[in-house]
Structure formats: structure tokens, C-alpha cells
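Me: Please take a close look at the aromatic pairs of this structure and describe how they are arranged.

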Amino acid sequence: RRNASQQQAQKQVEALVRSKMEQREYIVLCLEDTADWGNATTRKFVMQVDPMLERTVIVSTKLDTRIPQFARGADVELFLHPPSRLLEQTILGGSPFYTSVPSGRVGISRDAVFRSNDHFREAVASREANDVHQLEKKLGRKLDSMTERSRVGVSQLRRFLEQLLQQKYFENVPSIVP
């Protein structure tokens with residue numbers, strides 16, 4: 001009985017998410033925790049509504065836990081530059097973003113890891129810098145600024161989304177304001 005109610009709730013959430021994603025003017029943010037581009041369940045769901053992923057930004061999460069799993073620089077290269085047979089070349093932005101976010105609550109309670117939003121933002125920035133350092137160490141070279149560095153970290157994702165939203169706004173202002 002309890003399982004049936006959970007399944008019903010899951011179906012309701014899925015229907016709500018699908019209805020939002022079906023809005024052609026919406027940008028879809030697809031978060032994936034996967035090291036295998038061929039087994040991305042979230043992306044498969046998104047592709048039911050946006051088959052070419054032209055409105056979808058792909059974000060691979062938990063990069064900090066994935067980096068230690070790479071045995072060689074070639075493994076990192078394959079992850080940062082997945083072959084076209086594994087990842088659609090039409091995705092919004094051209095390639096995925098890779099992010100890490102420190103875990104823990106913000107607040108003043110005993111279980112809070114971060115005492116303020118600023119403290120959390122500093123930890124996010126520190127994690128991003130560490131991810132870049134670890135990737136470069138595994139690769140044995142600096143990340144290319146245009147195709148690689150611009151895709152690593154929450155700050156890079158934020159910059160891309162802000163630019164994208166501004167572009168969409170300016171494209172649509174003439175249809176809003178006569």
C-alpha cells in the first residue's frame with residue numbers, strides 16, 4: 001500500500017516535470033550523476049520531450065568524486081570530450097558542464113557545515129579550483145580555456161546560463177514590447 005502511494009506520487013512529479021519541459025520557450029537543465037555517457041537515465045527522460053537536446057543544458061554533477069576514478073589522462077579526455085555516439089552534438093551550449101558542490105547545510109544549527117551563504121559560496125569556489133587542479137594533474141597539462149575550463153565549475157555554468165538568459169530575453173523583447 002505504501003509503495004503504491006510512493007509510485008503515484010512519483011508519477012505525479014514526473015507529469016509535472018514533463019509538463020514544464022514541454023514548454024518550448026523553457027530551457028531544460030539536465031543534471032546527471034554518471035561517469036558513463038551511454039547510461040544517462042535523466043537524459044533519456046529529457047529526450048522524450050527534447051529529442052535533439054537543443055533546449056537542454058547537460059550538467060555532470062559530483063565531479064570531485066569522479067576525478068579519483070580516472071586512472072589515466074586518456075580517461076579524463078574521454079570524459080571531458082565524449083564521442084558523438086555517446087552524447088548528442090546538438091545539446092545547448094555544445095558540450096556538458098562539470099560541477100561539484102560541497103555537501104552540508106547552511107545555517108546556525110549544530111548540524112550546519114556552513115555558517116552563512118558567503119561561507120558556502122567560498123567553499124563552492126574552493127571546490128571548483130581544486131577540481132580544475134586535479135583535472136590538470138591527471139591530464140598532465142592545463143585545461144584549454146575555451147573548450148574545457150569554461151565547462152568546469154558552478155561559476156562557469158552560472159556565467160553560461162546568465163548569458164543564455166540575457167540572449168533569450170533580447171530575442172523575445174520585440175514580441176513582448178510592441
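Reply: The following account concerns the aromatic pairs and the residues around them.

This is a predicted model, in which local features need pLDDT of at least 70 and side-chain atom pairs count only at pLDDT 80 or more, while totals for chains, interfaces and linings use all residues. Residues are numbered from 1 along each chain as its sequence is written, and side-chain values use heavy atoms, with hydrogens and water left out.

The structure holds five aromatic pairs (rings of Phe, Tyr and Trp, the last by its six-membered ring, with centres within 6.5 Å; planes under 30 degrees apart count as stacked, over 60 as edge-to-face and the rest as tilted). One of them joins Phe 79 and Tyr 98, a tilted pair at 5.2 Å centre to centre with 55° between the planes. This pair links distant parts of the chain, with Phe 79 in helix α4 and Tyr 98 in strand β3 (residues 97-98), 19 residues apart. Helices (H or I, at least four residues) and strands (E, at least two) are DSSP runs, numbered from the N terminus. Phe 79 is buried at a relative accessible area of 3%, and Tyr 98 is buried at 2% (buried means under 20% relative accessible area, exposed over 50%, partly exposed in between, with a 1.4 Å probe and protein chains only).

Phe 97 and Phe 160 have ring centres 5.1 Å apart and planes at 45°, so this pair is tilted. It connects strand β3, which holds Phe 97, with helix α6 (residues 154-176), which holds Phe 160, across 63 residues. Both Phe 97 and Phe 160 are buried.

Phe 70, Phe 79 and Tyr 98 form one aromatic cluster.
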